[in-house]
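Please consider how the strands and helices of this model are arranged with respect to one another. The account below proceeds from a single residue pairing to the sheet and then to the helices.

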Amino acid sequence: MKEDYFEMNELACGCRRQWKIDVNDSIDIFSLAINKMKNLTIVFKKMDDDLSGACLKLDKENIIFVNSKHRKGRQAFTIAHELYHLKYDENNFNICALNSDDEIEKKADLFASCLIMPHGALESYKLNNGIEKWDLDSIIDAEQYFQISHQALLWRLRHFLNDISYEEYMSYKENVMYNASIRGYDLSLYTPYLNKEYLTIGNYIKLTQKAYENDLISSGKKEELLLDAFREDIVYNLDSF
């Protein structure tokens, strides 16, 4: 498993280098994925709790589906996970469940963790912040800096770096939002992205607007397409964000 960890870390760092992103930088995976992945649309929709997301590769389009009920940190992890499938998996369609035992899913999880927070970046963060022993303060500070889910960071520290004990791992899992709030952080990382049950961002919206501007579709058709994508905020010019 350690071999897979370092293999996926190198793959993730290679992806960052390809995208001209420093391996030590924190990233906003929501905007980054759309900016760097060709023809990508991300659809947030309600799913069963045990499903994190899915992805679909078409000839000229890439689609990522994200469980809109999950926390932002988990949703960011899901997008990074699905990027692995889109870039490196031969399958054209994947449905991804939480805690899957499938080997490809495990690799996608490791890739996601290392894309958001590369191994070297975590080690540099630890050194630069004088962290000799990970405690709850330093863990919450780090997850806020890297915008990674609390569970993903704990899992990494426990199962791949052996930097915290099992007892600490179990203890640190509790009362995450409370522990973040009393340390002065807002709770956006621990609540769903934009708090919307249904939302589409990315290439679909851009293509719809371009088709309208080029007189390929009418104003009514544009509104219909946007409403199909749950973007009534654009249709009705709502300041919903």
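Which residue in E5 is the bridge partner of Val 43? In this predicted model, the partner is Thr 200. The wider pairing joins strand E1, residues 40-45, to E5 through four bridges, and the two strands run antiparallel.

This pairing belongs to an open sheet of five strands, ordered E4-E2-E3-E1-E5. The pairing across the sheet is mixed. At its edges lie strand E4 (93-97) and strand E5 (199-202), each of which pairs on one side only. From one strand to the next, the twist averages 15°.

The helices may now be placed. Helix H3, which comprises residues 72-88, lies across E1, strand E2 (51-57), strand E3 (62-67) and E4. Relative to E2, helix H3 runs at about 35°.

Helix H3 also meets helix H1, which spans residues 2-18. The axes of H1 and H3 come within 12 Å and cross at roughly 80°. Because angles of 65 to 115 degrees count as roughly perpendicular, H1 is described as roughly perpendicular to H3.

The residues that form this contact can be named on both sides. Helix H1 contributes Met 8, Leu 11, Cys 15 and Gln 18, which meet Tyr 84, Lys 87 and Tyr 88 of H3. By class, the contact of H1 with H3 has five nonpolar residues, one polar residue and one charged residue.

Methods
Residues numbered from 1 in each chain as written. Predicted model: local features only at pLDDT ≥ 70, side-chain atom pairs only at ≥ 80, totals over all residues. Heavy atoms only, no water. Pairing = 2+ DSSP bridges. Axes fitted to C-alpha atoms, helices over the stretch in contact; angles between N-to-C directions. Contact = heavy atoms within 4.5 Å. Parallel < 35°, antiparallel > 145°, perpendicular 65-115°, else oblique. Nonpolar A, V, L, I, M, F, W, Y, C, P; charged D, E, K, R; others polar.
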